[in-house]
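Work through the exercises below with the sequence and the structure at hand. Try each task before reading its solution.

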Amino acid sequence: SQISFEEDSQKQAAVGHWTPLMPSKGSKEEEEEAEAGCQDAGGLEERQCSQQLDVSRLRSSSVEIREKGSEFLKEELHKAQKELKLKDKECERLSKVREQLEQELEELTASLFEEAHKMVREANTKQAASEKQLKEARGKIDMLQAEVTALKTLVITSTPSSPNRELHPQLQSPSKAVFRKGHGRNKSTSSAMGSAGSQSGAPEASSHERKEVDSILFAEFQAWKESPTLDKSCSFLDRIYQEDIGPCLDFPKQELSELVRVAVEQNTLTIEPAACQTLPGVKVAAEECGGPKQCALSGLPRSCKHHIMLGDSGNYYYISPSCRARITAVCNFFTYIRYIQQGLVRQDVELMYWEVMRLRREMALAKLGFYPSEM
């Protein structure tokens, strides 16, 4: 039995034999102790000593492996901790960057919304202003179209051979000739039309009256008709200013005469019956020049049934019938050439020429002092 036990122990020692790579200090001491024990033991105990020696070696190698493994794990743990700290720092930095970007994004979004609202408000304001201007412009266009239609109806139907009695009330019978209420403020054309432009007292051209076109005057009128203008520098109007308009509006009161001429040219002169100042809605001037018994233009004592107003000044000036006839003759001339300039007269050039000559004759007669009794 002792022999079998020794064989089994040898087999186990052979199977469990472990050769340490680097023996530690403890293993060497154990070997020495084992060898010393083996030397002390004798004969039969040699094998048991060798077996104990192998077991001690195995134990020392396992301890060495544990120590090395623990050192390796500590190093790996230390490296992992360092990497973890670096990753934590990187995460913290990225978090700050994200917070900064989010804040900038919020500020940018708020500024964009504010700018968008501002642009919308400005667009709405501009749209409202544009719609208002469009509405006003359409109203003015409708009013002007109505006026043009009415003027065309009056002007186109009036010719020297067949004048329109509505346009020329002086052709009506004395019993029907009344003062028209078409005298608009700042409208010398209305005043002129309502005051009977050809009230010169001279009879209309009879059927047996002979007429001959002056080639120079007709050529000047044709040249002006090609490009009608109110600029008195052209030869056509320059001649009429010198021969008719200037003498007709030349009154003793030179300063007031100049103001009247400018108002007639700018279409801002108003002629009204003196009695109309008592009507409601009519602005009465604080200071009136002349009076019912004195003409403001001539300075002579005359019975003044009308007065004039220059623009929106609010000052009225009493005028005599003779001065009124001279002013209305010039207003009638300007009214007709304005119609030609605006394209409202659709007649032959020669017929328009003779109408201009008739208006010139009215101015000449008014300058000489001829005017109808109803003035």
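**Exercise 1: two helices side by side**

The crossing of α8 and α9 is left-handed (the near helix is turned anticlockwise from the far one by less than a right angle; clockwise would be right-handed). The model is predicted, so local features need pLDDT of at least 70 and side-chain atom pairs pLDDT 80 or more, while totals for chains, interfaces and linings use all residues. Residues are numbered from 1 along each chain as its sequence is written, and side-chain values use heavy atoms, with hydrogens and water left out.

Task: Find the angle at which α8 and α9 pack, and name the arrangement.

Solution.
Step 1. Locate helix α8 at residues 321–341 and helix α9 at residues 349–367. Helices (H or I, at least four residues) and strands (E, at least two) are DSSP runs, numbered from the N terminus.
Step 2. The two helices pack at an angle of about 165 degrees, with their axes 8 Å apart. Axes are lines fitted to C-alpha atoms, for helices over the stretch in contact, and angles run from 0 to 180 degrees between N-to-C directions.
Step 3. That angle makes α8 roughly antiparallel to α9. The classes are roughly parallel under 35 degrees, roughly antiparallel over 145, roughly perpendicular from 65 to 115, and oblique for the rest.
Step 4. List the contact (heavy atoms within 4.5 Å). Among its residues are Ala325, Ala329 and Phe333 of α8, and Met352, Val356 and Leu359 of α9.
Step 5. By class, the residues of the contact of α8 with α9 are 11 nonpolar, one polar and four charged. Ala, Val, Leu, Ile, Met, Phe, Trp, Tyr, Cys and Pro count as nonpolar, Asp, Glu, Lys and Arg as charged, and the others, Gly among them, as polar.

**Exercise 2: a second partner for α9**

Task: Describe how α5 packs with α9.

Solution.
Step 1. Helix α5 covers residues 215–226, and its angle with α9 is about 115 degrees, with the axes 11 Å apart.
Step 2. This makes α5 roughly perpendicular to α9.
Step 3. The crossing of α5 and α9 is right-handed.
Step 4. The contact includes Phe218 and Phe221 of α5, and Tyr353 and Met357 of α9.
Step 5. Eight residues of the contact of α5 with α9 are nonpolar, one is polar and three are charged.

**Exercise 3: the sheet**

Task: Give the strand order of the sheet and its edge strands.

Solution.
Step 1. The open sheet has three strands in the order β1-β2-β3, with antiparallel pairing. Two strands pair if DSSP finds at least two bridges between them.
Step 2. Five bridges join β1 to β2, and four join β2 (residues 306–310) to β3.
Step 3. The edge strands are β1 (269–273) and β3 (316–319), as each pairs on one side only.
Step 4. Check the register at His306: Ile319 in β3 stands opposite His306, and Pro273 stands opposite His306 in β2.
Step 5. Helix α7 (residues 254–265) packs on the sheet and touches β1, β2 and β3.
Step 6. Four of the five residues of β1 are buried (under 20% relative accessible area, with exposed over 50% and partly exposed in between, for a 1.4 Å probe and protein chains only).

**Exercise 4: an unusual residue**

Task: Where is Asn267 found, and is Asn267 buried or exposed?

Solution.
Step 1. Asn267 lies in the loop between α7 and β1.
Step 2. Most residues other than glycine have a negative phi. Asn267 has a positive phi of about 60 degrees although it is not a glycine.
Step 3. Asn267 counts as buried because its relative accessibility is 17%.
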